[in-house]
Amino acid sequence: MSSRIRPLPLIIAVGAASIAAPALAADLTVTLEVPTLSTAAYHRPYVAVWIERQDTAQTAVRTIALWYGAGATARGEGDGEQYLKDIRTWWRKGGRAMALPIDGVTGPTRAPGRQTVTVSGARLASLPAGSYNIVVEAAREQGGREIVRLPFTWGGAANSACAAGTSELGAVRVAVTR
């Protein structure tokens, strides 16, 4: 028997690793526009961004961003957590059961303009391959409430989708990149 290294098992091992790697190598990026509104009393919107399954129940899988007024405000008002129920769909699909703040997810409200949330593949490693929606919901004091859903596929090829809100949200885009 020869002491020569047989390349075939190494090629198979490298090939198998490259098949398993795409789901982990992917990043999920959500870009959303918080529109500038001309109103006498403008308040920044509370925003929740989450992943849900594309099933009939639209089951929530994971919250990836939550922007609200945490802590006491400069005007001495109470904690903004009491108003999270105004982000109604997110609240009903699981927000009310969460312990807040959520490390790496919770942040302050954002000013008008383009905002980006990027989630690394490592944080989504437990997300099974399949079809999902990114859901962005915004609610504003003395304003309206709006929700935008965008389909995306996880665990396959790179993909993206775009949509636009009509009042509380502007353009919204989801992209899965390799």
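**Note on the predicted model: a buried threonine, a hairpin and two cores**

1. In this predicted model, Thr109 counts as buried because its relative accessible area is 16%, and the cut-off for burial is under 20%. Thr109 is placed in the loop that runs between strand E4 (106-107) and strand E5 (113-119). Beyond its neighbours within four places in sequence, Thr109 has contacts with Arg44, Pro45 and Tyr46, and also with Trp67, Tyr68 and Gly69.

2. Strand E6 (residues 130-139) pairs with E7 in the antiparallel sense, over 10 bridges. Within this pairing, Val135 has Arg149 of E7 as its bridge partner. Five residues separate E6 and E7 in the hairpin that they form, and Gln142 in the turn has a positive phi of about 55 degrees.

3. Side chains alternate along strand E7 (residues 145-154). Glu146, Val148, Leu150, Phe152 and Trp154 point to one face and are buried. Arg145, Ile147, Arg149, Pro151 and Thr153 point to the other face and are not buried. In a regular strand, such alternation between the two faces of the sheet is the general pattern.

4. The largest nonpolar core has 28 residues, of which Leu28 and Ile134 touch the most other members. At least two residues of this core come from each of strand E1 (27-34), strand E2 (46-53), strand E3 (60-67), E5, E6, E7 and strand E9 (171-177). Apart from this core lies another, of 12 residues, including Tyr46, Leu84, Ile102 and Ala139.

5. Leaving aside neighbours within four places in sequence, the contacts of Ile134 include Leu28, Val30, Val49, Ile64 and Val174. From E7, Val148, Leu150 and Phe152 are also among the residues in contact with Ile134.

Technical notes
Residues numbered from 1 in each chain as written. Predicted model: local features only at pLDDT ≥ 70, side-chain atom pairs only at ≥ 80, totals over all residues. Heavy atoms only, no water. Buried < 20%, exposed > 50% of the residue type's maximum accessible area, 1.4 Å probe, protein only. Helix = DSSP H or I, 4+ residues; strand = E, 2+ residues; numbered from the N terminus. Pairing = 2+ DSSP bridges. Contact = heavy atoms within 4.5 Å. Core = buried A, V, L, I, M, F, W, Y, C linked by side-chain atoms within 4.5 Å.
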